[in-house]
Amino acid sequence: MLTLEVKDKKGRHVTGTTTVMGQVPIEAVEWKFNESNKAYLLTSYQDDPDAANYYRYMVHRDSLSNSSQRDFVSSDQLTNGQRVSYGSGYDYEEGDTLIVSLFHIEKQYYDFLSSISDARRANGNPFAQPSRIVSSVKGGIGIFTNLSYNRKTVVIEK
């Protein structure tokens, strides 16, 4: 476990803790073309049955500097101990370079990302309940976490 403690000259004090998570290997990255020469992406990994696990899955096209094509978080609540596969729509073409990342994240980071997503959906919606950001730091708002990930780069080919 890692702890962060920050104090400033005004007397403000912020602390946070994080647990370093083990890497979860991506077992397979596959794709299949349809009759319109568009390909879907399928990424698979094995969930550990002995622990509650949380994941963030991202796909970037060409570079990590570009916005992600896919970005979501999930838990193993329904898939504990199973081989898990994430799929896409027919969004890719021959020659596309895809960078696939699977992050093994802490529950506190999962909760933080989920709360940000909820707040975005509620923003400007007069029928939605306001949503608060779930924070893991004491004395402030935010997250102190670490990123353990497995990444594969593939070029879509027929």
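The lining of the largest pocket comprises 4 nonpolar, 2 polar and 3 charged residues. In this classification Ala, Val, Leu, Ile, Met, Phe, Trp, Tyr, Cys and Pro count as nonpolar, Asp, Glu, Lys and Arg as charged, and the others, Gly among them, as polar. The model is a predicted one, in which local features need pLDDT of at least 70 and side-chain atom pairs count only at pLDDT 80 or more, while totals for chains, interfaces and linings use all residues. Residues are numbered from 1 along each chain as its sequence is written, and side-chain values use heavy atoms, with hydrogens and water left out.

**The largest pocket**

The residues that line the largest pocket are Arg56, Asp71, Phe72, Val73, Leu113, Ser114, Ile116, Ser117 and Arg120. Two elements, strand 6 (68-75) and helix 1 (107-122), each give two or more residues to this lining. Helix 1 gives the most, with 5 residues. The space in the largest pocket is about 170 Å³. A pocket is defined on a 1 Å grid over the protein atoms alone, as an open set of points where a 1.4 Å probe fits, with protein on both sides within 12 Å along at least five of seven lines; lining residues have an atom within 4 Å of a point. Grid points are joined across faces, edges and corners, and the volume is the space filled by probe spheres set on the points.

**The sheet that includes strand 6**

Strand 6 also belongs to an open sheet of 4 strands in the order 6-5-8-9, with antiparallel pairing. Helices (H or I, at least four residues) and strands (E, at least two) are DSSP runs numbered from the N terminus, and two strands pair if DSSP finds at least two bridges between them. Strand 6 and strand 9 (148-155) are the edge strands, each pairing on one side only. On average, neighbouring strands of this sheet are turned by 15° against each other, direction ignored. Such angles are taken between axes, which are lines fitted to C-alpha atoms, and run from 0 to 180 degrees between N-to-C directions.

Strand 5 (residues 54-61) pairs with strand 6 in the antiparallel sense over 7 bridges. Within this pairing, Tyr54 has Ser75 of strand 6 as its bridge partner. The two strands form a hairpin with 6 residues between them, and Asp62 in the turn has a positive phi of about 75°. Farther along the order, 8 bridges join strand 8 (residues 97-105) to strand 9 in an antiparallel arrangement. Here His104 has Ser148 of strand 9 as its bridge partner.

The loop between helix 1 and strand 9 contains Ala128. Ala128 is partly exposed, with a relative accessible area of 27%; buried means under 20%, exposed over 50%, and partly exposed in between (1.4 Å probe, protein chains only). Ala128 and Glu5 are 123 residues apart along the chain, and their C-alpha atoms are separated by 36 Å.

**The sheet of strands 3, 4 and 7**

A further open sheet is formed by 3 strands in the order 3-4-7, again with antiparallel pairing. Strand 3 (26-33) and strand 7 (83-87) stand at its edges with a single partner strand each, so one side of each is left without a neighbour in the sheet. Neighbouring strands of this sheet are turned by 20° against each other on average, direction ignored. Strand 3 and strand 4 (residues 39-46) run antiparallel and are joined by 7 bridges. Phe33 stands opposite Ala39 in strand 4.

**Salt bridges**

Side chains of opposite charge can pair when their charged atoms come close. A salt bridge here is a side-chain nitrogen of Lys or Arg within 4 Å of a carboxyl oxygen of Asp or Glu, and the count comes to 8 salt bridges. The table lists some of them, with the distance between N and O atoms.

| Acidic residue | Basic residue | N to O distance |
|---|---|---|
| Asp8 | Arg12 | 2.6 Å |
| Glu27 | Arg83 | 2.7 Å |
| Asp118 | Arg121 | 2.4 Å |

Asp8 is partly exposed at 31% relative accessible area, whereas Arg12 counts as exposed at 51%. The salt bridge of Arg83 with Glu27 links distant parts of the chain, since Arg83 lies in strand 7 and Glu27 in strand 3, 56 residues apart. Arg83 is partly exposed at 46% relative accessibility, and Glu27 is partly exposed at 43%. Asp118 and Arg121 both lie in helix 1, 3 residues apart, about one turn of the helix. Asp118 counts as partly exposed at 34%, and Arg121 counts as exposed at 54%.
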